[in-house]
Amino acid sequence: MDTQGIRVENLVKKFGQGESLVNVIDGASFVVNKGELVALIAPSGAGKTTLLMMIGCVLEPTSGKIWLGEEAVYNDRWLGSDTRRIRREKIGFIFQSHYLIPFMNVIDNVTLLPQTNGLTKDKAHAKAMELLEYLEIAEKAKSMPSQLSGGQNQRVAIARALANEPEIILADEPTAALDVERSVSVVKMLKKIAQEQNVAIIMVTHDERMLVYCDKILKIENKKIIISETQNNEHIV
Amino acid sequence: MINLAQKDITHTLGKFLVTAMGVGMLLGIVLIMIGVYRGMMVDAEILLNDINADLWIVQEDTLGPFAEASRVHEDLKDTLRAFEGIDKSEALTFQNLQLPGETKPIRVTAVGFDVFGKINPINPERLTAGKPLTKEHYQIVVSEETGYKVDDTLKLGRDIYRVVGVTRDTVSSGGDLLVYLSLKDAQNLQFLYSNARIRSDRARGILENKEMKMANAIVATVKPGYVIDNVANKIKKWKHESVYTRTEQKAILTKNLIERSSKQIGLFTAILVVVSTIIIALIIYTMTLEKMKEISIMKLIGIPNSMIIKMIVQETLILGVLAFIFGNIFSHLISDNFPKRIVLEIPDAWMLFGVVIVASILSSFVGVAKVIHADPAAAIGG
């Protein structure tokens, strides 16, 4: 516990140039340890998704440093040529909507990434079934996403994000499409995953009711990151 | 490893099959067009092969009855028999007729020949009922597609003819059905004037219709041991007629008569292949567009481009192969309904298969380009 999951130092992102230059993130620095669920909050357009995309190696920062686990991935430039490999091996993504591949059933959606990473079909299936049981949705393994409810699909999406045993999970408003009850259930599940799987999770949210389940809050204010501790750091078993 | 193409196709199998059927129909039309051309080539050679003559002697400076009007004296056949190297020679006439039909006249090409001569244009293998001509007058052998049966009667010119034989697959180079008449009947039909005209001619001092002894071509066979070209050159020199060997006559048929048609069909076929390629490309593009969100997600979570591109290329190839199979089934189902002969040959189908595979690969490039340029960030909402 408390080993470094995500470390960001003096991260800057600017769009445009000359007069149209816009500074979106200006010198963000923070650490998210493994086992922590951290909320990222800010008004719309403040740069939450931009920050998430930079940490997720999707969008190149203007300058700064990023570490994912112990691996330095960015130091004023990408340090490896294949950012997709980093995403595949280190990061799990959860989106507002589940975004499962609609033409594949639950088990195929969950095993896609492990099999791409070289795991055999049998091992990938065994691992996926473990995850689905852990997320209490194993009985839907052969169902298509269209046959599941929103909450069930979101749990499958979480299983997919966990399937490649990532060091970090980036969740972009995972509860936005769910009612309060299911939102709480999903956030508690993320909290449980962070603790039990020893994963660093950053969760973008607009719902302040969910902050109570988070270990820290990263707030983007005037292009800077303000870090605050939450009052309730309960450990969910 | 999960096969994305198989998963995607299975998920939308009905839509995929219907799409493949649609493209298949287009490919079926391409096969039919090629079949029309092959059919023309076969039709053009039927009469030539059935007559099986070594030499065609026709009016000087003409290409012969298949290409243009040709008239030669019937008795030229007797002169030719005396030529060194000539084995058999007979006079033939060719003319278009309209047979009375149930609802409308049936256009045919009539071949007139000496019933008792040594060269008979009726191929016994094509005779499906009845017998060849046995009398000099009022008998006719017809192609079965005319609808006439043995012992039916029909009126041609002034006379009633009885059907004595029925043949199959007998058509002229122009695709018209063939009928066979005795030379004398054919000459009557072609050259005999009406009684009023004969009376008019007599009043003008024209007492004899000399055309009654004309034919359109003399065909001859060459004795073994003689070089056909040498005999042909000798006839050309001494008899002031144009002489063509069978090879030359075949070339006249295929080059002079069918070349323009084949070019036209070739152009149609090429256009259809291009249209099919564009349609496959558009379908693949649309199918890719429909999956752009999924493709962005796959790229975002780290699925390599190669795996997504493989899905697009595999789907395109499977679409092409299925369309090719449907195209073949479709073309074979409808080919018999065309009024003219359609010859569907396996080498043509394989050639089209090659074209479809190349076209499919080219078509997949539009989808692949879309995949390469897909932005993984598009998967993350703002």
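Let's start at I57(B), a residue of chain B in this predicted model. Leaving aside residues up to four places away in sequence, I57(B) touches V72(B), L76(B) and L80(B). Its partners also include A217(B), I218(B), A220(B) and I235(B), and the list is completed by E241(B) and V243(B).

I57(B) also belongs to a wider grouping, the largest nonpolar core, which has 164 residues. Together with I201(A) and I202(A), I57(B) ranks among the residues with the most contacts inside this core. Helix α2 of chain B, residues 13-51, provides the largest share of the core, 15 residues. Both domain 1 (4-42 + 260-379) and domain 2 (60-240) of chain B feed into the core, each with at least three residues. As a general point, nonpolar side chains in soluble globular proteins tend to be buried together.

Now let's turn to chain A. Its secondary structure comes to 6 helices and 10 strands. Is its radius of gyration in agreement with that of a compact globule, or in disagreement? A compact globule of 237 residues would have a radius of gyration near 18 Å, and chain A has 18 Å, so the two agree. Along the principal axes, the C-alpha atoms of chain A fill a box of roughly 55 × 40 × 35 Å. Of the 237 residues in this chain, 46% count as buried. Contacts in chain A often link distant parts of the sequence: among those between residues at least 6 apart, 69% join residues at least 24 apart.

Where do the two chains meet? The contact takes 25 residues from chain A and 19 residues from chain B. On the chain A side, α1 (48-55), α2 (83-90) and α3 (106-116) each supply at least two residues. Which of the elements gives the largest share? That is α3(A), with 6 residues. By character, the chain A side divides into 13 nonpolar, 5 polar and 7 charged residues.

Helix α3(A) deserves a look of its own. This helix is mostly covered, with 10 of its 11 residues buried. The buried stretch begins with V106(A), I107(A), D108(A), N109(A) and V110(A), and goes on through T111(A), L112(A), L113(A), P114(A) and Q115(A). What do these buried residues pack against? Within chain A, their neighbours are α2, α4 (121-134) and α5 (150-163), while chain B contributes α1 (4-11) and α9 (292-301). Just after α3(A) comes G118(A), which takes a positive phi of about 105 degrees.

Terms used: Residues are numbered from 1 along each chain as its sequence is written. Chains are lettered from A and ligands numbered from 1 in the order in which they are written. This is a predicted model: local features need pLDDT of at least 70, side-chain atom pairs count only at pLDDT 80 or more; totals for chains, interfaces and linings use all residues. Helices (H or I, at least four residues) and strands (E, at least two) are DSSP runs, numbered from the N terminus. The radius of gyration is taken over C-alpha atoms; the globule rule is 2.2 Å times the number of residues to the power 0.38. A residue is buried if 20 or more other C-beta atoms lie within 10 Å of its own, exposed if 12 or fewer, and partly exposed in between; C-beta atoms are placed from the backbone. Two residues are in contact if their C-beta atoms, placed from the backbone, lie within 7 Å. Ala, Val, Leu, Ile, Met, Phe, Trp, Tyr, Cys and Pro count as nonpolar, Asp, Glu, Lys and Arg as charged, and the others, Gly among them, as polar. A nonpolar core is a set of buried Ala, Val, Leu, Ile, Met, Phe, Trp, Tyr and Cys residues joined through C-beta atoms within 7 Å. Domain bounds come from an automatic or database domain assignment.
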